[in-house]
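Trainee: May we go through this protein together, one feature at a time?
Mentor: Certainly; please keep the sequence and the structure in view.

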Amino acid sequence: MISDLKRVIDQVSREKGVEQDVLIGALEEAVKVAARKKFGPDYDLEVNYNEELGEVEAFEFKEVVEEVTNEHLQISLEEAHDIDPESELGDSLGIKMDTDAFGRIAAQSAKQVIMQRLKEAERDMVYEDFKDRRGEILNGIVQRFDRGAIIVNVGRAEAELPQKEQIPREAYRQGDRIRAFILEVKQFSRGPQIILSRTHPNFLASLFENEVPEISEGIVQIVQVAREPGSRAKIAVASKDQDVDPVGACVGMKGRRVQAVVQELRGEKIDIVTWDPDAAKFICNALAPADITRVIVDEDGRSMEVVVPDDQLSLAIGKRGQNVRLASRLTGWRLDVVGETNYNTALKDGYRSLLDLEGIGEKRATDLYEADFKSVGDVAGASVDDLLAVKGMTATKAETLIDEAIRYVKERRDAETSETPMQEAAGEEPEGSLAEDAEKSPESEPSETDGETVPQASADHEEAETAPGTESSETPQVEDAPEEDDRESETLKTADE
């Protein structure tokens, strides 16, 4: 016959999911605490759970002696023989205690111990259950709100969705269902803390993994994700099977797969682009749908200058620079997007500034240009060793040329400084000013090139989980540049390449 205590242990173990050994240990400790409460700390007590009888037994141990000096820890030989006739001097005799005599206060202490151990066991189980589930998508129900955070019921635990991890303009009510990404699981003395996120880039990747079988099977790989939560995202995908189109797999039949993700993110726009090991081609894909005329790669500075047709400039930059900013994060490269007209004008002005240097003719200016010194500013910032790469250049000529370039740049800067106060005093808007450029292209940022303002949009990559490699390097062609027989042709690479 199963005792009541054993039945209760089985029931609580099933309901709470706590191991029976943990419950029995809690019971033994609780009875021991109750016995200490009843008899004090001077007794040698031991508590065990008797599985056959289904009860917790408490024993006090006493040493068998001839003369008793401590009645709490010693017993005379005569009294020991009454309990166990085979007792001898020096034996430790265990005497079973009546647990019913512990009293109400001791029972209350035992109850507190049991409840405390049960809570600790539940906390440990929750932590063990969630600690290896980081990166998974979790379904839950909005339970309450706490200082901007959403407390989500995820079964036998509560998770927190902090305000900074919530998608802007998303609103939830108590009882709503919510899906989120397990960002972190921490263990505290008061219990485990599960942190959720709906803004993390991996949340978007996990949603695609759930919707696209080719991703979960490993045929299509998500290489990189860049998000501005609630607004727009870009995701770069690649396929290990040349017969499988990675973009088409993510879009799905009639766009059903990507629409399921968009619906979960409450309308966040998603651009799916093909990842390419060639950084220049990857940039062209990332800036789609804008057409790219040419890409100039600076490997050392890990930046690219992207030239687009004038009518495609706004499309490439995007609303408030969002398209180029996301493309920069996606690729891990700093991007400067300029229109063709401004780009060619800057190149021509830079080349003409080289001709302004004393002692520089068209032949020398062309050699400097081909050696990637596009303007006087480039020469002024170069070292003698840098200029020695120019055809026919000597160390003496390089020093003279650098001094001349520095003097030229200083004179131009001084001239501009002196002209600006005169224009302001006359109430005129200076030519090529930021305000004028802003009116022409509100979304572009100005940059200085050889003292002249050239509108352009730039984006510094802020984060890059993986950086694609690139081996390409391109040089733009200069219109109206003088032709020389021994001049090497410049390498052009357009977006179509």
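The questions and answers below concern a predicted model.

Trainee: How many helices and strands are there in the protein?
Mentor: The model is a predicted one. Of its 497 residues, 42% count as buried. Among contacts with a separation of 6 or more, 60% are made by residues 24 or more positions apart. As for the elements of the protein, there are 17 helices and 17 strands.

Trainee: In what order do the five strands of the closed barrel run?
Mentor: The pairing in this closed barrel is mixed. On average, neighbouring strands of this sheet are turned by 50° against each other, direction ignored. The order of the five strands is β5-β6-β7-β9-β8.

Trainee: Which residue in β9 stands opposite alanine 159?
Mentor: Strand β7 covers residues 158-161 and strand β9 covers residues 191-197. The two run parallel and are joined by two bridges. Opposite alanine 159 stands isoleucine 194.

Trainee: What angle does the direction of helix α5 make with that of β8?
Mentor: Helix α5, residues 201-211, packs on the sheet of the barrel and touches β5, β8 and β9. Its direction makes an angle with that of β8 of about 125°.

Trainee: Which strands stand at the edges of the open sheet of three strands?
Mentor: The open sheet has the order β10-β11-β12, with mixed pairing. Two of its strands have a single partner each, so one side of each is left without a neighbour in the sheet. These edge strands are β10 (220-228) and β12 (269-274).

Trainee: How far are neighbouring strands of this open sheet turned against each other on average, direction ignored?
Mentor: The order to keep in mind is β10-β11-β12. For neighbouring strands of this sheet, the average turn, direction ignored, is 20°.

Trainee: Which residue in β11 stands opposite glutamine 224?
Mentor: Strand β11 covers residues 232-239 and runs antiparallel to β10. Eight bridges join the two strands. Opposite glutamine 224 stands alanine 236.

Trainee: At what angle to β10 does α5 run?
Mentor: Helix α5 touches strands of the barrel, including β8. The helix also lies across β10, β11 and β12. Its angle to β10 is about 140°.

Trainee: Which residue in the turn between β1 and β2 has a positive phi?
Mentor: Strands β1 (residues 44-50) and β2 (residues 55-65) run antiparallel and are joined by seven bridges. Tyrosine 49 stands opposite valine 56 in this pair. The strands form a hairpin with four residues between them, and the residue in the turn with a positive phi, about 70°, is glycine 54.

Trainee: Which element gives the most to the lining of the largest cavity?
Mentor: There are two cavities of 30 Å³ or more, and about 40 Å³ of space lies in the largest cavity. Its lining consists of Lys6, Ile9, Asp10, Gln20, Ile24, Tyr49 and Glu51. The elements that give two or more residues to this lining are α1 (4-16) and α2 (20-39). With three residues, the element that gives the most is α1.

Trainee: Is arginine 169 buried or exposed?
Mentor: Arginine 169 lies in the loop between β7 and β8. Its phi is near 70°, a positive value in a residue other than glycine. Because its relative accessible area is 75%, and the cut-off for that class is over 50%, arginine 169 is exposed.

Trainee: What is the relative accessible area of lysine 254?
Mentor: Lysine 254 lies in the loop between α7 (246-251) and α8 (256-264). Although lysine 254 is not a glycine, its phi is positive, about 55°. Lysine 254 is exposed, and its relative accessible area is 72%.

Trainee: Where is proline 289?
Mentor: The peptide bond from alanine 288 to proline 289 is cis, with omega near 10°. The place of proline 289 is the loop between α9 (279-286) and β13 (294-298).

Trainee: How many disulfides does the structure hold?
Mentor: Cysteine 250 is buried, with a relative accessible area of 0%. Cysteine 284 is also buried, because its relative accessible area of 12% is under the cut-off of 20%. The number of disulfides in the structure is zero.

How values were computed: Residues are numbered from 1 along each chain as its sequence is written. This is a predicted model: local features need pLDDT of at least 70, side-chain atom pairs count only at pLDDT 80 or more; totals for chains, interfaces and linings use all residues. Side-chain values use heavy atoms; hydrogens and water are left out. A disulfide is a pair of cysteine sulfur atoms within 2.5 Å. Buried means under 20% relative accessible area, exposed over 50%, partly exposed in between (1.4 Å probe, protein chains only). Two strands pair if DSSP finds at least two bridges between them. Axes are lines fitted to C-alpha atoms, for helices over the stretch in contact, and angles run from 0 to 180 degrees between N-to-C directions. Contact means heavy atoms within 4.5 Å. On a 1 Å grid over the protein atoms alone, a cavity is a set of points where a 1.4 Å probe fits but cannot get out, and a pocket is an open set with protein on both sides within 12 Å along at least five of seven lines; lining residues have an atom within 4 Å of a point. Grid points are joined across faces, edges and corners, and a volume is the space filled by probe spheres set on the points.
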